[in-house]
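Work through the exercises below with the model open. Try each task before you read its solution.

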Amino acid sequence: MTTTTPVSIKDFDFTPYGRYWDLKQERGVRTEKYEAYMTVDPPMERPLRFGMTTCENGPAFDVDSMERHLSTEEILFAGDKPIILSIAASDPAAAPRAEDVVSLRMEPGDLVVLKRGIWHDACHAVEGSAMYYFLSYSSPEPGETAWIPVTPAPVRVQL
């Protein structure tokens with residue numbers, strides 16, 4: 001089993017996986033990037049799912065399966081405490097590969113928009129329990145939210 005340690009998303013080039021914002025840093029700053037992202041024009045044409053999840057953790061956890069969404073991007077953001085997001089840029093038509101798994105530490109105010117097809121695990125708390133939020137399109141396709149085992153074996157994330 002491969003073991004990895006999370007890195008801060010602030011020190012990571014998230015570009016291959018989607019887009020990243022530090023909302024605490026951008027609070028009160030009206031930039032073109034902020035305006036372009038926050039404006040919804042035309043209005044939303046598909047129903048979106050907003051979720052709040054409470055996650056827990058210990059000193060380590062295993063990333064043994066992941067999901068990816070082929071029909072939409074997914075927004076994830078840390079709530080009240082730091083969380084760990086594990087992602088993989090493996091082929092979305094195959095299975096997530098252990099060698100591609102990267103674990104990122106997200107602080108409250110960190111927000112990511114995952115590209116279509118990016119494999120991701122459910123988030124984990126850095127310690128104790130934490131909340132995180134997501135926003136995604138609700139597709140009726142069963143494969144859209146299928147959890148697929150990481151190959152050839154799970155990845156241990158050591159905090």
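The largest cavity holds about 30 Å³ of space. Keep in mind that this is a predicted model.

**Exercise 1. The cavity**

Task: Find which residues line the largest cavity.

Solution:
- Start with the count: the structure holds one cavity of 30 Å³ or more.
- Now list the lining of the largest cavity: H69, T72, E73, E74, L114, K115, I118 and H120.

**Exercise 2. The second largest pocket**

Task: Give the volume of the second largest pocket, then say which residues are closest to its centre.

Solution:
- The volume of the second largest pocket is about 190 Å³.
- Its lining is made of 14 residues, and E67, E74, Y132, F134 and W147 are the closest to the centre.
- Next, turn to the elements. Strand 4 (48-56), strand 7 (74-78) and strand 13 (129-137) each give two or more residues to this lining.
- Note E74: this residue lines the second largest pocket, and E74 also lines the largest cavity.

**Exercise 3. The cysteine pair**

Task: Explain why C123 forms no bond with C55.

Solution:
- Search the whole structure for disulfides: the result is zero.
- Take C55. C55 is in no disulfide, and the nearest cysteine sulfur, that of C123, is 6.4 Å away.
- Apply the cut-off: a disulfide needs two cysteine sulfur atoms within 2.5 Å.
- Take C123. Its sulfur has the sulfur of C55 as the closest cysteine sulfur, at 6.4 Å, so the two are too far apart for a bond.
- Check the accessibility. C55 has a relative accessible area of 6%, so C55 is buried. C123 is at 4%, so C123 is buried.

**Exercise 4. The aromatic cluster**

Task: Classify the ring pairs F12 with Y17 and F14 with Y17.

Solution:
- The structure holds three aromatic pairs.
- For F12 and Y17, the ring centres are 5.8 Å apart and the planes meet at 35 degrees.
- For F14 and Y17, the centres are 5.8 Å apart and the planes are at 40 degrees.
- Use the cut-offs: planes under 30 degrees apart count as stacked, and over 60 as edge-to-face; the rest are tilted.
- Therefore the F12 and Y17 pair is tilted. The F14 and Y17 pair is tilted too.
- Join the pairs: F12, F14 and Y17 form one aromatic cluster.

Follow-up: Which of the labels buried, partly exposed and exposed fits each ring residue?

- Buried means under 20% relative accessible area, and exposed means over 50%.
- F12 is at 22% relative accessibility, so F12 is partly exposed.
- F14 is at 3%, so F14 is buried.
- Y17 is at 10%, so Y17 is buried.

**Exercise 5. The open sheet**

Task: State the strand order of the three-stranded open sheet and name its edge strands.

Solution:
- The order is 1-15-5, with mixed pairing.
- Strand 1 (2-4) and strand 5 (60-63) are the edges; each pairs on one side only.
- From one strand to the next, the twist averages 30 degrees.
- Zoom in on strands 1 and 15: they pair in the parallel sense, over three bridges.
- Pick one residue: T2 has V155 in strand 15 as its bridge partner.

**Exercise 6. The cis peptide bond**

Task: Locate the cis peptide bond between T151 and P152.

Solution:
- Check omega for the T151 and P152 bond: the angle is about 0 degrees.
- Place P152: this residue is in the loop between strand 14 (148-149) and strand 15 (155-158).
- Link back to Exercise 5: strand 15 is in the open sheet with order 1-15-5.

Terms used. Residues are numbered from 1 along each chain as its sequence is written. This is a predicted model: local features need pLDDT of at least 70, side-chain atom pairs count only at pLDDT 80 or more; totals for chains, interfaces and linings use all residues. Side-chain values use heavy atoms; hydrogens and water are left out. Helices (H or I, at least four residues) and strands (E, at least two) are DSSP runs, numbered from the N terminus. Rings of Phe, Tyr and Trp (its six-membered ring) pair if their centres lie within 6.5 Å; planes under 30 degrees apart count as stacked, over 60 as edge-to-face and the rest as tilted. Buried means under 20% relative accessible area, exposed over 50%, partly exposed in between (1.4 Å probe, protein chains only). Two strands pair if DSSP finds at least two bridges between them. Axes are lines fitted to C-alpha atoms, for helices over the stretch in contact, and angles run from 0 to 180 degrees between N-to-C directions. On a 1 Å grid over the protein atoms alone, a cavity is a set of points where a 1.4 Å probe fits but cannot get out, and a pocket is an open set with protein on both sides within 12 Å along at least five of seven lines; lining residues have an atom within 4 Å of a point. Grid points are joined across faces, edges and corners, and a volume is the space filled by probe spheres set on the points.
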